[in-house]
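This report goes through one protein model with two kinds of reader's question in mind: what holds metal, and what packs against what. Please keep the sequence and the structure open while reading.

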Amino acid sequence: VIVQAVRGHLKKDSQNRTLLKTLAELYTYDKNYSSALEIYLTLRHKDAFQLIHKHNLFSSIKDKIVLLMDFDSEIKKVVEELEDRPELQHVYLHKLFRRDHRKGQRYHEKQISLYAEYDRPNLLPFLRDSIHCPLEKALEICQQRNFVEETVYLLSRMGNSRSALKMITQELQDVDKAIEFAKEQDDGELWEDLILYSIDKPPFITGLLNNIGTHVDPILLIHRIKEGMEIPNLRDSLVKILQDYNLQILLREGCKKILVADSLSLLKKMHRTQMKGVLVDEENICESCLSPVLPSDAAKPFSVVVFHCRHMFHKECLPVPSMSSPAQFCNICSAKHRGPGSAILEMKK
Ligand SMILES: [Zn+2]
Ligand SMILES: [Zn+2]
């Protein structure tokens, strides 16, 4: 009866903490623990943990574990509370990690073994996304349990790609994966290792022939194949290599055409620009003596040299062209090692 009365009041005032707490206490008396717990959790009330402990409510928090996450400052407490229930501890930390990669970072080391124990499918995604988990520790755990894929990932992330490749070829015996890995790393040494390893294994050779075309010269591989060795689908592989080459040649020819067309249109544009007139008036100064290029007395004869870079000089301010270097260049632009001043316009009166 009281419960109903409290509920009635709550309908009018659903945020009232006192009423909610009262209701939770009443639920507890009623032994309706899961309803009580839900209220405590939404209130972020400390009694939630007490309640869980006292009445051993671990089974009922499994589906409410997300609510525990809102206890921001309480992560440590939750983790400690769940210490004897590692599978729940894992669910909690996993959800926490999903929600925020950084919040539970101090537990990432712990999480490696939790994932390894309870949730292997999520171990690799976790290792990929976590920047806080100690790689050596993870490697140790994965090697102990012989988790090949995870070990490969860790080895390559730690820069030991040769060992990683070795694991792929020897433990997984997966040529496609090995090739993919070598492509990703794009390291000549790795390809060398892979070829060396494959050379006496026909299925590996087929895989390599089918895939390395664009990364390594297939001739390197073909030369090393021993005489008399039978290789499945050799004909198809060779046809594919040749087709790949044709495709590459086509691509290059296409690029060449585009390049020529581009150069031509840019050349035309430059030519058009250079044909435009150049205005010379009293605003312009000689770049050498810094006085106006045009003489104040218009009756006086004068010569002005205008370069295509639009720098102007009095003719007498430029060095006299000698026999050894008859072409004149703009001093300013050739000092900057730029080219546009190579041609000149001369104005005379
Ligand atoms: Zn001058
Ligand atoms: Zn210039």
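The text below covers the metal sites, the aromatic pairs, the largest pocket and a few single residues of this predicted model.

**Metal sites**

The zinc ion (ligand 1) is held by Cys286 (SG), Cys289 (SG), His314 (ND1) and Cys317 (SG). The zinc ion (ligand 2) has Cys309 (SG), His311 (ND1), Cys330 (SG) and Cys333 (SG) as its donors. The table sets out the values for each site.

| Site | Donor distances | Donor angles | Spacing along the chain |
|---|---|---|---|
| Zinc ion (ligand 1) | 2.1 to 2.4 Å | 98 to 117 degrees | C-x2-C-x24-H-x2-C |
| Zinc ion (ligand 2) | 1.9 to 2.4 Å | 102 to 118 degrees | C-x1-H-x18-C-x2-C |

What is the arrangement of the four donor atoms around the zinc ion (ligand 1)? The angles of 98 to 117 degrees make it tetrahedral, because four donors count as such if all angles lie between 85 and 135 degrees. The site of the zinc ion (ligand 2) is tetrahedral too, with angles of 102 to 118 degrees among its four donor atoms.

The donors come from separate stretches of the chain. At the zinc ion (ligand 1), Cys289 sits in the loop between α18 (234-275) and β1, and Cys317 in the loop between β2 and α19, so this pair ties together parts that are 28 residues apart in sequence. Cys289 is partly exposed, at 36% relative accessibility, and Cys317 is also partly exposed, at 26%.

At the zinc ion (ligand 2), the donors follow the spacing C-x1-H-x18-C-x2-C. Here His311, in the loop between β1 (303-307) and β2 (312-314), is linked with Cys330, in the loop between β2 and α19 (331-335), and the two are 19 residues apart. Are these two donors buried or exposed? His311 is buried, with a relative accessible area of 16%, and Cys330 is buried at 1% relative accessibility.

**Residues with positive phi**

Two residues in these loops have an unusual backbone angle to note. Most residues other than glycine have a negative phi. Leu290 has a phi near 65 degrees, a positive value. Leu290 belongs to the loop between α18 and β1, and at 56% relative accessibility it counts as exposed. Arg310 has a positive phi as well, near 75 degrees. Arg310 belongs to the loop between β1 and β2 and is partly exposed, with a relative accessible area of 36%.

**Aromatic pairs**

How many aromatic pairs does a search of the whole structure find? There are four. In one of them, the ring centres of Phe97 and Phe126 are 4.8 Å apart and the planes are at 65 degrees, so the pair is edge-to-face. This pair links distant parts of the chain, with Phe97 in helix α8 (residues 86-99) and Phe126 in helix α10, 29 residues apart. Both Phe97 and Phe126 are buried.

Another edge-to-face pair is formed by Phe307 and Phe313, at 5.7 Å centre to centre and 85 degrees between the planes. Phe307 has a relative accessible area of 0% and is buried, and Phe313 counts as buried at 1%. Ring pairs also join Phe97, Tyr115 and Phe126 into a cluster.

**The largest pocket**

The largest pocket holds about 280 Å³ of space. The elements that give two or more residues to its lining are α10 (123-129), α12 (148-157), α13 (161-172) and α14 (175-185). Which element gives the largest share of the lining? It is α14, with five residues.

The lining has 13 residues, and Arg128, Val152, Lys177, Phe181 and Glu184 lie nearest the centre of the pocket. By type, the lining residues divide into six nonpolar, two polar and five charged.

**Contacts between helical residues**

Leu172 lies in helix α13 and is partly exposed, at 31% relative accessibility. Leu172 and Val148 are 24 residues apart in sequence, while their C-alpha atoms are 7.5 Å apart in space.

Leu208 is found in helix α16 (residues 202-211) and is buried, at 0% relative accessibility. The C-alpha atoms of Leu208 and Ile179 are separated by 7.1 Å, and the two residues are 29 apart along the chain.

Notes
Residues numbered from 1 in each chain as written. Chains lettered and ligands numbered in written order. Predicted model: local features only at pLDDT ≥ 70, side-chain atom pairs only at ≥ 80, totals over all residues. Heavy atoms only, no water. 1 Å grid on protein atoms, 1.4 Å probe; cavity = no way out; pocket = protein on both sides within 12 Å on 5 of 7 lines; lining within 4 Å. Points joined across faces, edges and corners; volume = space filled by probe spheres on them. Helix = DSSP H or I, 4+ residues; strand = E, 2+ residues; numbered from the N terminus. Nonpolar A, V, L, I, M, F, W, Y, C, P; charged D, E, K, R; others polar. Donors = N, O, S within 2.8 Å, 3.2 Å for Na, K, Ca; no water. Tetrahedral: all angles 85-135°; square planar, octahedral: opposite > 155°, others 65-115°. Buried < 20%, exposed > 50% of the residue type's maximum accessible area, 1.4 Å probe, protein only. Phe/Tyr/Trp six-rings, centres within 6.5 Å; stacked < 30°, edge-to-face > 60°.
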